[in-house]
Structures are given as structure tokens and as C-alpha cells.
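Visitor: I am new to this structure. Please take a close look at one part, the disulfides, and then place that part within the rest of the chain.

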Amino acid sequence: MKIRPWVFSIVLAAGCAALQAAPQQIAPPHAENLENCLEGFASCDYAHLSPQEKRAVRSATKENNFMDCFHGFSDCVKKQLTAEQQQEVARAQRMQNFESCVEGIGECDMTLLTDKQRQQVAQIARVRNFQGCLDGTWICDQSHLTADQKQEVAEANHYNNLQNCLEGMGDCDQALLSSEEQRNVARETHNRDLGQCLEGSDTCDPSQLSGAEQRDVALITHRQKLSN
């Protein structure tokens with residue numbers, strides 16, 4: 001169990017307050033043992049601690065356990081918590097559960113939510129699903145969309161498909177395009193291939209060029225070889 005830095009500083013100061021008033025200083029091995037005890041290490045030799053140090057270690061152990069429970073760590077021992085600490089931990093767990101439900105990440109127990117929280121979570125889930133459908137991600141359940149939303153999603157999907165076809169990137173289903181859109185895609189595809197051929201790109205497909213274009217490409221290629 002790791003002790004928090006701020007807890008260690010406070011507890012160490014409290015545990016050593018009486019010793020600081022003495023003329024002699026704590027020997028290094030003793031200080032190391034005290035630190036091991038405060039941090040809950042197995043190497044702690046509890047028998048060699050002073051009464052003040054033992055109280056400090058017990059206090060640090062309780063505080064560490066409370067923080068473990070508060071943050072939901074597996075080291076938590078709930079039976080060691082006070083009634084007030086148990087209430088704080090329960091509130092923190094309910095809040096963490098609500099956040100998980102809202103974000104759609106991690107474990108979400110809807111039975112722990114209030115009616116208002118369940119309504120909020122449901123509304124956020126609908127918005128997230130609609131956005132997923134618009135973006136074309138796999139997180140999309142069209143059965144949860146309204147008629148207007150379905151229309152928006154259909155238009156967004158058509159636009160995304162058209163852009164993919166025009167840019168030659170991603171999935172492109174030309175069967176979903178209108179005749180005019182198909183002509184535009186063919187023109188953009190041809191211009192893109194011509195540009196690649198003029199640049200000497202390996203992706204150039206000369207068979208897609210007209211005779212005049214092929215001659216232009218050959219002339220430019222010849223001039224580039226001469227200049228080099």
C-alpha cells in the first residue's frame with residue numbers, strides 16, 4: 001500500500017515531533033525503518049518504533065486505507081472505515097458510476113442512478129449514437145434515431161461516399177452516386193492520374209490518358225532526363 005506524499009509529510013512530522021526536541025538526531029537506519037512502516041512495506045520493524053511513531057504509523061495506515069477506498073482501489077478494507085468515511089466513499093462511488101454511465105466507458109450500474117441521472121444518461125447516449133451515425137463509425141444504432149435524424153444520416157453517408165470517390169480515398173461505392181456525380185468522379189480520377197503521370201509518380205496509369213496527354217507526359221519526362 002503506497003502512502004500519499006502529503007500524508008507521509010504530515011504524519012512523519014507528527015510522529016517525530018517529540019524526537020525533534022531531543023538533542024540527538026534519528027539515526028539513518030531508524031529513519032528508514034520509520035519510512036518503511038509509514039509506507040506499509042513488509043520490511044517495517046514495528047517493534048523498534050517509539051509510541052509516538054506507532055501512533056503516526058497507525059494514523060497513516062488508516063488514512064491510506066480511506067484513500068484506497070475513496071478511489072476504488074482493490075487494497076481497500078471497508079470494515080476499517082468510520083461511519084463518516086463510509087458515507088464519503090459511497091458518495092464517491094456513486095459519482096464515479098454516474099460518470100462512467102455518462103461517458104459510456106467502464107462499468108455502469110443504472111440501478112445506482114437517480115431518475116434524473118438516468119434521464120441524463122439516456123439523453124447523452126442518444127446524442128452520442130446520432131453523432132456516431134453521422135460520422136459513419138461502428139457505434140451507430142439507427143433504430144434509436146428519429147425520422148429527421150435518419151434523413152440527416154443518409155445525407156451525411158451519401159456526402160462521405162461522394163468525397164471518398166472524388167478523392168480516391170476510403171470506401172467508394174459508385175453505384176450510390178447519381179449520373180452527374182459519377183461523371184464528376186471520373187473527371188477527378190482522370191485529372192489525378194494525369195497529374196501523377198506528369199510528376200513521374202509510380203502510381204501513374206498511362207492507359208487512362210489520351211494520346212495527346214501521353215505525348216505531353218513523354219515530352220516532359222524526356223526534358224527532365226536531359227536536365228538531370
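Guide: A disulfide is counted here when the sulfur atoms of two cysteines lie within 2.5 Å of each other. The model is predicted. By this rule the protein chain has 6 disulfides. If the bonded cysteines are counted along the chain, the pattern of links reads 1-2, 3-4, 5-6, 7-8, 9-10, 11-12. Three of the links are described here one by one.

One of them joins Cys 37 to Cys 44, with 1.9 Å from S to S. The torsion about this S-S bond is about 90°, so the link of Cys 37 and Cys 44 is right-handed. As for exposure, Cys 37 has a relative accessibility of 4%, and because buried means under 20%, Cys 37 counts as buried. Its partner Cys 44, at 24%, counts as partly exposed.

Another disulfide links Cys 101 and Cys 108, and its S to S distance is 1.9 Å. The torsion about the S-S bond is 100° here, and the link of Cys 101 and Cys 108 is right-handed. Cys 101 is buried, at 7% relative accessible area, while Cys 108 is partly exposed, at 35%.

In a further disulfide, the sulfur atoms of Cys 133 and Cys 140 are 2.0 Å apart. This link is right-handed, with 100° about the S-S bond. Cys 133 has a relative accessible area of 2% and is buried; Cys 140, at 30% relative accessibility, is partly exposed.

Cys 133 leads from the disulfides to the helices. The protein chain has 9 helices and 0 strands, so the order of elements from the N terminus is simply α-α-α-α-α-α-α-α-α. Cys 133 belongs to α6, where Cys 133, Phe 130 and Leu 134 meet residues of α7. On the α7 side the residues are Gln 149, Glu 152, Val 153, Ala 156, Asn 157 and Asn 160. By class, this contact of α6 with α7 has 5 nonpolar, 3 polar and 1 charged residues.

The geometry of that packing can be given briefly. Two packed helices are described by the angle between their axes and the distance between the axes. Helix α6, residues 115-135, packs against α7 at an angle of about 30°, and the axes are 8 Å apart. Angles under 35 degrees count as roughly parallel, which means that α6 is roughly parallel to α7.

After α7 (147-167) comes a loop that leads to α8 (179-198), and Leu 177 lies in this loop. Leu 177 is buried, with a relative accessible area of 7%. Neighbours within four places in sequence aside, Leu 177 is in contact with His 158, Asn 161, Leu 162, Cys 165, Gln 182 and Val 185. One of these, Cys 165, is 12 residues away from Leu 177 along the chain, and their C-alpha atoms are separated by 9.3 Å.

Helix α8 in turn packs against α9, residues 211-227, at an angle of about 25° and with 9 Å between the axes. These two helices are therefore roughly parallel to each other. The residues of α8 in this contact are His 190, Leu 194, Cys 197 and Leu 198, and those of α9 are Glu 213, Val 217, Ile 220 and Gln 224. Sorted by class, the contact of α8 with α9 has 5 nonpolar, 2 polar and 1 charged residues.

An aromatic pair can be added from helix α4. The structure holds 1 aromatic pair. Phe 66 and Phe 70 form this tilted pair, with 6.0 Å from centre to centre and 55° between the planes. The two residues are 4 apart in α4 (residues 51-70), so about one helical turn separates Phe 66 from Phe 70. Phe 66 is buried at 9% relative accessibility, whereas Phe 70 is partly exposed at 33%.

Two figures cover the chain as a whole. Of its 228 residues, 25% count as buried. Among contacts between residues at least 6 apart in sequence, 25% join residues at least 24 apart.

Key: Residues numbered from 1 in each chain as written. Predicted model: local features only at pLDDT ≥ 70, side-chain atom pairs only at ≥ 80, totals over all residues. Heavy atoms only, no water. Phe/Tyr/Trp six-rings, centres within 6.5 Å; stacked < 30°, edge-to-face > 60°. Buried < 20%, exposed > 50% of the residue type's maximum accessible area, 1.4 Å probe, protein only. Contact = heavy atoms within 4.5 Å. Axes fitted to C-alpha atoms, helices over the stretch in contact; angles between N-to-C directions. Parallel < 35°, antiparallel > 145°, perpendicular 65-115°, else oblique. Nonpolar A, V, L, I, M, F, W, Y, C, P; charged D, E, K, R; others polar.
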